[in-house]
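Here's a set of exercises to work through with the model open in your viewer. Try each task yourself before reading its solution.

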Amino acid sequence: MLQVQSHLEGVLSQRGERMFKAEIKSETLKSLVYIVSTLVDEVKFSVKPEGMSLKAVDPAHVAMIDLEVSPGAFVSYSADETNLGLDMDKVKSVLKLAGPGNTITMEQDEEKGRLTFRVGNITRRMNLVDTASMGDPHIPNLSPSGIVSIKVDQLQKGIRAAESISDHIALMADSEGFELSCEGDTDYASLRMEGSELESLKVSSKVRSLYPLDYFSNIIRAIPAGTSVDVEIDNDYPVKLAFKLADGEIDVTYLLAPRIESE
Amino acid sequence: MLQVQSHLEGVLSQRGERMFKAEIKSETLKSLVYIVSTLVDEVKFSVKPEGMSLKAVDPAHVAMIDLEVSPGAFVSYSADETNLGLDMDKVKSVLKLAGPGNTITMEQDEEKGRLTFRVGNITRRMNLVDTASMGDPHIPNLSPSGIVSIKVDQLQKGIRAAESISDHIALMADSEGFELSCEGDTDYASLRMEGSELESLKVSSKVRSLYPLDYFSNIIRAIPAGTSVDVEIDNDYPVKLAFKLADGEIDVTYLLAPRIESE
Amino acid sequence: MLQVQSHLEGVLSQRGERMFKAEIKSETLKSLVYIVSTLVDEVKFSVKPEGMSLKAVDPAHVAMIDLEVSPGAFVSYSADETNLGLDMDKVKSVLKLAGPGNTITMEQDEEKGRLTFRVGNITRRMNLVDTASMGDPHIPNLSPSGIVSIKVDQLQKGIRAAESISDHIALMADSEGFELSCEGDTDYASLRMEGSELESLKVSSKVRSLYPLDYFSNIIRAIPAGTSVDVEIDNDYPVKLAFKLADGEIDVTYLLAPRIESE
């Protein structure tokens with residue numbers, strides 16, 4: 001019987017009828033969507049039997065994101081190799097139909113280029129976005145020399161303090177601790193954390209860079225409370241934020257270009 | 001003594017000094033006002049010793065409402081025959097002064113054409129709206145062939161799913177179940193309930209009509225959570241929504257014209 | 001050792017390096033800031049070893065405020081004689097960084113004309129506002145003949161009832177009770193409290209004045225729930241509101257000019 005099924009799937013596959021069907025907790029889909037939509041409105045997910053992934057650059061080419069979702073992030077997952085072009089705003093409208101703890105079913109109907117979501121007795125179908133014009137951006141393999149592990153809640157606190165002071169935020173780490181600071185013409189705000197208040201601190205010499213506050217703020221706000229974030233910085237160098245969602249089943253890497261201070 | 005009082009009331013009544021005085025729970029007045037104000041801003045209540053009633057048509061003549069309030073909906077009720085012209089926004093401002101469980105007293109001072117509300121130690125008096133130009137719309141006696149009884153919470157869920165997909169919503173019932181659906185150029189949403197999930201289902205053959213989503217959405221949102229609604233539909237026919245408020249003491253019938261789909 | 005410290009402080013003081021350093025509960029700073037900002041955006045606090053004070057008149061010269069903050073309002077307080085020019089909106093942004101129960105540290109760095117706030121591991125520094133052009137308004141010593149003590153919650157209820165009826169509110173007291181009322185062309189609202197419902201009532205003869213609703217409403221809304229307010233009125237005379245914040249350690253007097261009704 002199983003042999004017959006396997007044979008049939010092979011035949012379907014040859015006929016180009018690729019398949020994607022998955023169930024996911026609404027909280028998991030939500031955290032994923034909110035992270036991605038800080039950067040882009042429409043995305044291409046690369047779907048494979050061993051999981052989904054996404055690489056995207058924002059329209060201004062200031063930040064990029066690399067996301068790996070393992071099948072373990074789903075309640076159930078079954079996929080051939082395919083691409084899913086998704087409009088993040090529409091997926092957010094599906095999330096509003098789900099309560100906490102609800103499971104959302106997603107199923108592709110590739111011939112018609114559509115994705116169908118199901119939440120309880122609600123069916124929500126949408127056309128997939130054309131992915132032909134969406135490239136696969138190369139995510140550079142950066143190795144900043146300072147690495148700080150910190151709860152995102154602390155970073156969120158620092159961002160609140162920086163609001164309306166300047167358009168940029170400085171991240172600084174030395175062997176003693178980590179600091180976010182923001183300096184305007186008449187105002188200044190900073191959040192300073194000593195090594196003992198951090199989850200870990202690996203810095204050989206003092207490193208410091210300046211970043212656009214709006215980008216940094218948007219990604220930090222989208223990370224669920226309680227998440228540990230690896231903040232990797234260097235002098236006048238991109239910041240790399242690495243964190244996990246869904247009990248470690250989703251890996252996120254976020255890169256943000258520095259603003260080089262003119263002398 | 002009672003005879004004297006009765007005699008005096010008779011005299012007052014002959015002199016045209018008609019009387020309306022009632023006490024009502026703030027929750028009851030609120031549910032009534034929110035239902036009516038989905039359709040019209042100013043209304044004429046017909047007051048009689050045996051209860052109040054209201055018939056109103058919206059300015060675009062797309063929907064109408066028929067409301068019967070029995071004296072049992074009030075904490076106390078005492079009325080001669082009269083009309084009350086009320087501005088719904090002003091009554092809403094009175095509701096904001098009352099907390100849950102508060103009783104609101106209403107008393108007409110007909111000579112001066114005013115209504116006085118009392119909530120605790122607050123007095124709020126307003127001029128009555130002139131009802132001379134307000135007709136008594138005829139509410140047609142429709143008998144759609146499909147009748148579905150359903151908790152309003154389910155309808156509210158269906159409306160959330162339909163948002164921003166199309167301007168119209170289709171209601172469909174067959175012998176198996178009931179369905180709300182909404183179809184746009186690229187998107188589709190539906191809520192499907194089998195007979196076992198409904199409170200009752202009386203449908204001989206499949207019936208389906210299309211309605212303007214904004215009207216349907218406004219009335220459904222105004223119905224208190226937990227209320228059972230009789231949804232009566234037919235093919236390309238007005239929908240009739242019938243439900244009770246205030247432990248059955250208020251009877252509401254709402255009619256909404258269909259949009260006839262052009263072939 | 002203490003002698004040396006004392007000597008050093010004396011030397012610093014002779015060099016004109018005046019000092020202000022205080023710790024305050026976020027709730028206390030918040031109540032103070034919200035009261036003051038109903039009237040003015042930028043203020044001059046007069047700081048002395050025995051406490052802080054503020055006298056301010058609103059730009060339209062309709063209302064004035066007199067505020068006395070004793071050192072007991074602070075967790076710790078240490079000050080030479082100086083002035084602090086503060087932008088209320090910026091202090092509000094500091095309050096947003098503090099949770100309930102948090103202590104906020106304020107420290108002046110007079111040479112550089114700046115004030116530094118600290119909340120946990122956050123540092124927020126701002127330039128002081130120039131106080132040279134800010135006068136010391138004379139607060140007249142009024143003695144209205146009617147004095148009513150009342151919980152601010154009652155006044156807040158009366159203001160909600162008066163909304164959108166008229167631009168003015170009448171305060172009236174007689175030997176029996178106290179009344180707020182508002183009369184428009186078609187609408188009327190009042191809150192009436194008998195003597196037994198008030199905390200105290202000292203009125204020899206009936207007194208009544210009319211006040212601008214927006215000013216009265218703004219100050220009443222800014223007073224924390226549960227606060228007892230002395231409302232002092234007379235005929236066509238300013239109203240004096242006197243109340244205490246922070247367990248009696250902050251004394252507030254607020255005066256509001258009447259609107260003289262033309263005959």
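**Exercise 1: A strand pair across chains A and C**

Ser190(A) has Thr123(C) in β9(C) as its bridge partner. Before going on, note that this is a predicted model, where local features need pLDDT of at least 70, side-chain atom pairs count only at pLDDT 80 or more, and totals for chains, interfaces and linings use all residues. Residues are numbered from 1 along each chain as its sequence is written, chains are lettered from A and ligands numbered from 1 in the order in which they are written, and side-chain values use heavy atoms, with hydrogens and water left out.

Task: find how many bridges join β13(A) to β9 of chain C, and in which sense the strands run, parallel or antiparallel.

Solution. Start with the elements: helices (H or I, at least four residues) and strands (E, at least two) are DSSP runs, numbered from the N terminus. Two strands pair if DSSP finds at least two bridges between them. Here β13(A) and strand β9 (residues 122-127) of chain C are joined by five bridges and run antiparallel.

**Exercise 2: The rest of the A–C interface**

Task: work out how many residues each chain brings to the contact, and which three residues of chain A supply 42% of the area it buries against chain C.

Solution. Step one is counting contacts (heavy atoms within 4.5 Å): chain A brings 16 residues and chain C brings ten.

Step two is area. Buried area is the accessible area (1.4 Å probe) that two parts lose on being put together, summed over both. For chains A and C that comes to about 1100 Å², with carbon and sulfur atoms giving 41%. Thr186(A), Asp187(A) and Tyr188(A) supply 42% of what chain A buries here, more than any other three residues.

Step three is charge. A salt bridge needs a side-chain nitrogen of Lys or Arg within 4 Å of a carboxyl oxygen of Asp or Glu. The rule finds three across this interface. Asp187(A) turns up again, in a salt bridge with Lys90(C) whose closest N and O atoms are 2.6 Å apart.

Step four is where chain A's side comes from. Both α4 (152-162) and β13 (187-194) of chain A supply at least two residues each, and β13(A) has the largest share, with seven residues.

**Exercise 3: Over to chain B**

Task: which strand of chain A gives the largest share of the side that touches chain B, and what is the bridge partner of Met126(A) in β13(B)?

Solution. First the totals: ten residues of chain A are in contact with 16 residues of chain B. The buried area is about 1100 Å², of which carbon and sulfur atoms give 40%.

Next, the salt bridges number three. One of them links Glu183(B) to Arg125(A), at 3.5 Å from N to O. The largest share of chain A's side, six residues, comes from strand β9 (residues 122-127) of chain A.

Now the pairing. β9(A) and strand β13 (residues 187-194) of chain B are antiparallel over five bridges. Within that pair, Met126(A) has Asp187(B) as its partner, while Arg124(A) stands opposite Ala189(B).

**Exercise 4: A sheet built from two chains**

Task: trace the sheet that holds β9(A) and β13(B), and say which strands are its edges.

Solution. Walk along the order: β5(A)-β1(A)-β7(A)-β8(A)-β9(A)-β13(B)-β12(B)-β11(B)-β15(B), nine strands in an open sheet with antiparallel pairing. The edges are β5 (76-79) of chain A and β15 (207-212) of chain B, each pairing on one side only.

Then add a helix. α2 (residues 26-36) of chain A lies across β1 (20-25), β7 (103-109) and β8 (114-119) of chain A, at about 100 degrees to β1(A). Axes are lines fitted to C-alpha atoms, for helices over the stretch in contact, and angles run from 0 to 180 degrees between N-to-C directions.

**Exercise 5: A sheet within chain A**

Task: list the strand order of the open sheet formed by chain A strands, and find what Val47(A) stands opposite in β6(A).

Solution. The order is β6-β2-β3-β4-β18-β17-β16-β10-β14, nine strands with antiparallel pairing. Its edge strands are β6 (82-87) and β14 (200-202) of chain A.

At the β6(A) end, strand β2 (residues 42-48) of chain A pairs with β6(A) over six bridges, and Val47(A) stands opposite Thr82(A).

Finally, α4(A) lies across β10 (146-151) and β16 (228-233) of chain A, running at about 95 degrees to β10(A).
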